[in-house]
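Please find below my note on the model under review. It is arranged as numbered points.

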Amino acid sequence: MVTPTHVTILGSTGSIGHNTLDVIARHPERFAVHTLTAHSRMDLLAKQAFESKAVAVAVPTAVAAERFKTAWGDAPKRPDIRVGAQALVEVASDPASEAVMAAIVGSAGLPAALAAAQAGKRVLLANKEALVAAGSLFMAAVRASGAELLPIDSEHNAIFQCLPHHDRASAPAGPAAGVRRLVLTASGGPFRNQRWAELAHVTPEQACAHPNWSMGRKISVDSATMLNKGLEVIEARHLFAMPAERISVVIHPQSVVHSMVEYEDGSVLAQLGQPDMRTPIAYGLGFPERISSGVGMLDLALAGRLDFAQPDLKQLPCLALSFEALKAGQGACIALNAANEVAVAAFLDKRLGYTKIAQVIEATLNWQMGQPEASLSSLDDIIELDELSRQAARRAALD
Ligand code: NAD
Ligand code: MG
């Protein structure tokens, strides 16, 4: 009998976490859940831990631990309960699991994702904010430990699949041989046909109603503003060691082509499929083998047509600001991401108008660019600038 791969899921109660458990449950002989973590919804965490026979869970506070115990009730084999932010780092590097799904939302997920990379795990990386804030540090950790990094973000997973087989390193030193350009597709989100100035009164419900993908609320808003695509360009820059000017974005409303790689000879390879995150998750879990994911067939005749268009940066200020941040450097990328997290949380809480999200990001970038250049070589440096940027963003949100 083959021993199963033990998988830890950071952020199991979220959209990616849920889909990961779904794929794992289809392959009981291949995978066993080790640790599940969540920041809230202890009843759901208890249900997931029970169904997946998790060995341990990690929760943020003692109060959350009590809630977990209550939700567990007197069912047998209660998992070990780990508490606090440091517990996340510990479970991510625990030798008992070989693979870690990094699916916490936001830069809050960075320390644990980095710990998994440092510990040499198979890291299934959904948490793009970790790479945006700390791309160089993260990729250096992958290189140093020999971790196996598999991108789960659908665009990056598509690109990974389309790269030359012999040149698909976890942390490449430079662009893959023969590749001219990476092309990220973007659906354009729910407001694709509207002008930015018309969107001032958009509600969180409207912004979260993504036409093709079902995702957590933060990334849904990011998809609507297309800041998400900006984060993804920065993510691609690090994952594939590709200069920014060789990464482009094309609007593709159907979300069938998940991204493309253009080669020197003019060939363009694309990965297509239904917009369902279980495909990239199954790819990451099974790599290099292909395993079933529960995703149905893609019927191109039913899709009928695939459209592509150039994004209009004048109508997409968040995407334009991302390109500026990428050009300016890591400090600006940290500020961009932190400001966006603050602004989107305020928007979801109905404390900030939708179009103000771009204003808060712009003001925070301006603040960061006026600061003396800080060293960003350690996790502590990065967390400090992230926190200062959040403070600047909160001030900007009050204006
Ligand atoms: P989600 O909001 O649905 O879930 C987030 C998870 O993180 C939850 O389990 C939550 O409890 C946990 N969490 C939240 N704040 C935390 C904190 N401060 N500390 C510890 N844990 C915390 O988000 P999601 O849509 O599953 O996205 C997760 C990550 O994957 C994001 O970085 C997102 O950009 C990326 N991603 C998601 C999708 C998707 O389809 N949902 C696609 C590509 C990339
Ligand atoms: Mg994506």
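The points that follow concern a predicted model, and they take up a metal site and a group of strands.

1. The magnesium ion (ligand 2) has three coordinating residues listed here: Asp153 through OD, and Glu155 and Glu232 through OE, at 2.1 to 2.2 Å. Along the sequence, these donors follow the spacing D-x1-E-x76-E. Distant parts of the chain are thereby linked, since Asp153 lies in the loop between β7 (148–151) and α7 (154–162), while Glu232 belongs to helix α10 (residues 227–239), 79 residues apart.

2. Are Asp153 and Glu232 buried or exposed? Asp153 counts as buried because its relative accessibility is 7%, under the 20% limit. Glu232 is likewise buried, with a relative accessible area of 1%.

3. In strand β6 (residues 122–125), Arg122 and Leu124 point one way, and Val123 and Leu125 point the other way. All four of these residues are buried. Such alternation of side chains between the two faces of the sheet belongs to a regular strand.

4. On one side of the pairing, β6 is joined to strand β5 (residues 99–102) in the parallel sense, over four bridges. Within this pairing, Leu125 is the bridge partner of Ala102. The connection from β5 to β6 passes through helix α5 (residues 110–118), and the β-α-β crossover is right-handed.

5. Strand β6 also pairs with β7, again in the parallel sense and over four bridges. Here Arg122 stands opposite Glu148 of β7. With helix α6 (residues 128–145) between them, β6 and β7 form a right-handed β-α-β unit. The loop that holds the magnesium donor Asp153 lies between β7 and α7.

Methods. Residues are numbered from 1 along each chain as its sequence is written. Chains are lettered from A and ligands numbered from 1 in the order in which they are written. This is a predicted model: local features need pLDDT of at least 70, side-chain atom pairs count only at pLDDT 80 or more; totals for chains, interfaces and linings use all residues. Side-chain values use heavy atoms; hydrogens and water are left out. Donors are N, O and S atoms within 2.8 Å of the metal (3.2 Å for Na, K and Ca); water is not among the atoms, so sites may look incomplete. Helices (H or I, at least four residues) and strands (E, at least two) are DSSP runs, numbered from the N terminus. Buried means under 20% relative accessible area, exposed over 50%, partly exposed in between (1.4 Å probe, protein chains only). Two strands pair if DSSP finds at least two bridges between them. A crossover is right-handed if, with the strands pointing away from the viewer, the path from the first strand over the helix to the second runs clockwise.
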